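Take a walk through this model, from the overall numbers down to single residue pairs. Keep the structure open as you read.

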Amino acid sequence: MRVRRASGVERSAGAQVGRGVVLAARGGGRIVLGPTAIVGDRCELRAAPGATVTVHGTLEERCRIVARSAITVEAGAHLGAECALLDAGPVFDDSEVPVRAQGLRAAPILVAAGAVLGPRVAVLSGVTVGAGATVLAHSVCTRDVPARARVGGTPARDGAAGRAPSAGSGSGA
């Protein structure tokens, strides 16, 4: 495990961390690994200044979590190999201004207890994956996923009806 800026990393006694893990908290950013956290080999967790990454669930190998706001993985949640959670994305407010000049907009991500994300799932800014939900492999979550829902695709949609998740979900980004 490689830790950058160790003052921003809190690791509980029961947390399991694999080989080659990068924990990087900059400028007041925090990374919290709870007692039930399992972080697989070569995962990367980064917290920008003022951001918090909290992990109580399981991350399989090569997962990447990058926070500019807050990202929480609750106990019992499971992220498959190579998942990416990114809580910030580009702003597209003015078509006359280049995207790179418009900055980023950050919103918290929550992966609730018992949620399962398949391999290579991406969860974008402002999304909540509800308790007990399942996100199929290679999916991109751009909207909230209701509790106990099963979604998949790009963007992730209700697996049974082929429509975007909406019942009981918020306004995710």
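Contacts that span at least 6 positions can be sorted by their reach in sequence. Residues 24 or more positions apart supply 17% of the contacts with a separation of 6 or more. Keep that share in mind when looking at the pairs below.

The model is predicted. Its confidence can be read from the pLDDT. The chain averages 90, and 88% of the residues score at least 70. Over residues 169-173 the value is below 50. That stretch has twelve contacts in the model beyond near neighbours in sequence.

Now the secondary structure. The chain holds 23 strands and zero helices. Of its 173 residues, 41% are buried. The exposed surface of the chain comes to about 8,300 Å². Carbon and sulfur atoms supply 51% of that area.

How are the strands arranged? Eight of them form an open sheet with mixed pairing. The order is β3-β6-β9-β12-β17-β20-β22-β23. Strands β3 (16-17) and β23 (157-158) stand at the edges. Each has a single partner strand, so one side of each is left without a neighbour in the sheet. Look at the β23 end. Strand β22 covers residues 150-152 and runs antiparallel to β23, joined by two bridges. In this pairing, G152 stands opposite R157 in β23.

Other strands pair too. Strand β5 spans residues 30-33. Four bridges join β5 to β8 (residues 52-55), and the two run parallel. V32 has T54 in β8 as its bridge partner. Strand β8 is also joined to β11 (residues 70-73), again by four bridges and in parallel. There, V55 stands opposite V73 in β11. As a rule, side chains in a regular strand alternate between the two faces of the sheet.

Next, the charged side chains. Side chains of opposite charge can pair when their charged atoms come close. A search of the whole structure finds seven salt bridges. One of them is between E10 and R30, with 3.0 Å from N to O. This pair links distant parts of the chain: E10 belongs to strand β2 (residues 9-11), R30 to strand β5, and they are 20 residues apart. Both ends have some solvent access. E10 is partly exposed, with a relative accessible area of 37%. R30 is partly exposed as well, at 35%.

Which residues form a network of salt bridges? E44, R46 and R64 are linked in this way. Start with E44 and R46, whose closest N and O atoms are 2.5 Å apart. Then turn to E44 and R64, which meet at 3.5 Å, N to O. E44 lies in strand β7 (residues 44-47) and R64 in strand β10 (residues 64-67), so this pair ties together parts that are 20 residues apart in sequence.

Is E44 buried or exposed? At 19% relative accessibility, E44 counts as buried, because the cut-off for buried is under 20%. Its two partners in the network fall in the class between buried and exposed. R46 is partly exposed at 26%, and R64 is partly exposed at 39%. The network therefore joins a buried glutamate, E44, to two partly exposed arginines, R46 and R64.

Terms used
Residues numbered from 1 in each chain as written. Predicted model: local features only at pLDDT ≥ 70, side-chain atom pairs only at ≥ 80, totals over all residues. Heavy atoms only, no water. Pairing = 2+ DSSP bridges. Buried < 20%, exposed > 50% of the residue type's maximum accessible area, 1.4 Å probe, protein only. Contact = heavy atoms within 4.5 Å. Areas by Shrake-Rupley, 256 points an atom, 1.4 Å probe, with all protein chains shown as cover. Salt bridge = Lys/Arg side-chain N within 4 Å of Asp/Glu carboxyl O. pLDDT = per-residue confidence, 0-100.
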